[in-house]
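Dear colleague,

I am handing over the structure that I promised you, and my notes on what was found in it follow directly below.

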Amino acid sequence: MYDDEELAAIRRERKEWESETLEPVLDRHGERKDRFATISNLEVDRLYTPEDVADLDYLEDLGFPGEEPYTRGPYPTMYRGRTWTMRQFAGFGTAEETNERFHYLIDQGQTGLSVAFDMPSLMGLDSDDPMSVGEVGKEGVAVDTLRDMEVLFDGIDLAEISTSFTINPSAPVIYAMYVALADQQGVPRDEVRGTLQNDMFKEFIAQKEWVIPPEPSLDLVTDVVEFSTEETPKFHPISISGYHIREAGSTAVQELAFTLADGFGYVEDAINRGLDVDEFAPRLSFFFNCHNSFFEEVAKFRAARRIYARVMDEWYDAERAESKRLKFHTQTAGQSLTAQQPLNNVARVTIQALAGVLGGTQSLHTNSFDEALALPGEKAVRVALRTQQIIAEESGVADIVDPLGGSFAVEALTNETEERAIRYIEEIREMGDGSVRDGILEGIDEGYFLREIQQASYEYQERVESGEEVVVGVNQYTIEEDTSPEILHIDETTRERQLARLESVKDERDDAAVEEALADLEDAIEAGENTMPAIVDAVKAYATMGEIMGVFESHYGAYSEQIGLA
């Protein structure tokens with residue numbers, strides 16, 4: 001953006017500034033530390049100038065909002081048109097309790113729902129399974145059958161709300177329940193809106209929730225993509241999630257690279273299925289973490305859009321603008337929250353949320369200050385939602401599109417993040433002999449992702465332990481007094497109430513219809529057909545989560561990670 005003569009002049013002036021202005025101050029006072037770096041340990045310079053972005057081509061690398069490569073935002077007006085969706089994650093206990101929280105959040109101004117499920121539901125188990133003891137309703141809401149889904153959305157019109165479901169191995173069953181519920185409410189399927197996480201690559205890489213092995217899991221993901229393309233065109237069938245990769249300990253660059261690689265892997269698998277990239281790609285969405293290093297996070301989001309637009313164009317021949325426009329949800333970093341002095345988390349979440357907004361997110365969840373201790377209480381949830389509303393309504397940051405665009409520091413960090421992420425993606429592609437999909441499967445099998453994330457996590461913890469990485473209230477500025485707030489407790493009768501409803505459903509349903517539906521599902525698997533129609537029929541017959549996922553497990557076998565085992 002600057003010609004050689006201008007750059008030479010800036011270089012001369014900088015050297016003069018360093019010798020005449022900077023060095024005397026350094027000699028007298030020094031700086032706070034010898035090295036300045038982000039939480040990901042990416043070293044940052046003292047000062048950025050046009051020299052750091054000398055090779056930047058404005059039209060090629062930045063462009064304008066709503067136009068390729070979307071660095072400056074996926075839409076031309078961004079939040080001047082409408083603010084991001086405020087989608088607070090919620091779920092605990094029984095469907096009745098979570099339904100009450102949903103209505104509370106909607107009354108407080110939330111604009112989209114996001115469902116948290118308990119561990120049995122996430123793992124495709126019923127609440128009466130022996131493995132579920134002690135976990136029913138504890139980390140999210142328990143959902144065993146369509147009856148639970150009916151209660152969960154009681155009084156909520158699916159034609160008026162967009163719902164996100166954070167669930168993976170059993171995601172097709174939850175999606176089928178939502179489709180069945182829409183059918184019950186008389187909502188046309190082509191009007192159903194929402195997002196299904198349904199990201200099994202991420203599970204094998206980082207979060208470690210699975211039922212069946214990687215390849216059939218991938219087949220099931222693509223079943224959902226194919227079915228939703230035809231039946232629910234406004235519904236996002238995958239939310240490709242870097243959030244859990246970051247929570248597992250990755251750096252920002254690893255989070256970005258592994259997440260985009262996962263997305264490209266799904267694109268390849270759907271193309272291999274025979275789907276047209278421009279038919280399904282517009283409904284792919286992404287889900288990123290937002291940590292404390294403000295400018296690194298903004299740069300990560302901007303680099304994500306640029307990489308995605310170019311790769312979808314050059315590697316997968318996408319033609320529609322919507323196929324190359326990366327859209328994402330952001331959640332503030334749970335890993336950053338501290339049990340010590342939990343009110344400090346309000347400040348952390350505010351900084352992270354602001355970075356997500358300035359990075360151009362499409363929807364946002366702000367963590368509650370008490371989440372290092374328990375599921376969020378009502379007061380903490382309200383503060384988290386109000387944080388978003390204050391940013392949107394009072395700060396003015398939503399009034400300017402990409403207000404940090406053109407910052408020498410932000411543009412230099414965006415370029416560096418892009419370059420580092422591309423190197424990772426190319427390495428994964430090479431592992432798959434030119435296929436990102438196959439490279440991911442190979443990386444899972446060989447423990448590549450596990451090693452990369454473990455090393456990054458170890459190095460970060462070393463910096464915390466040594467005090468190089470300051471965590472306020474933990475390794476500096478500590479106090480002795482008890483700062484624990486009132487926290488949410490899940491009633492121990494939750495399991496009993498959930499089991500009573502499950503037993504009631506089993507007593508009232510048509511067992512012959514359930515058996516027939518499950519047999520049809522097995523037939524679809526055997527025939528290599530898309531399994532989603534059979535799953536929808538099964539949930540409408542009130543087959544349970546465990547019964548449906550059990551069909552897949554009996555066919556493919558359970559998966560057990562073998563990395564590091566003799």
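How many of the 5 residues of strand β9 (residues 328-332) are buried? Before the answer, please note that this is a predicted model, in which local features need pLDDT of at least 70 and side-chain atom pairs count only at pLDDT 80 or more, while totals for chains, interfaces and linings use all residues. Residues are numbered from 1 along each chain as its sequence is written, and side-chain values use heavy atoms, with hydrogens and water left out.

In β9, 5 of the 5 residues are buried (under 20% relative accessible area, 1.4 Å probe, protein chains only), so this strand is largely enclosed by the rest of the structure. F328, T330 and T332 point one way from β9, whereas H329 and Q331 point the other way. In a regular strand the side chains alternate between the two faces of the sheet.

Strand β9 (strands being DSSP runs of E, at least two residues) pairs in the parallel sense with strand β8 (residues 284-290) over 5 bridges, where pairing requires at least two bridges found by DSSP. Within this pairing, N289 has Q331 as its bridge partner. Strand β10 (residues 363-365) also runs parallel to β9 and is joined to it by 3 bridges, with S363 as the bridge partner of H329.

Elsewhere, an open sheet of 5 strands follows the order β2-β3-β4-β5-β6 with parallel pairing, and its edge strands, β2 (89-90) and β6 (235-236), each pair on one side only. Two residues that are bridge partners here are F89 and S114, the latter in β3.

Kind regards

How values were computed
Helices (H or I, at least four residues) and strands (E, at least two) are DSSP runs, numbered from the N terminus. Buried means under 20% relative accessible area, exposed over 50%, partly exposed in between (1.4 Å probe, protein chains only).
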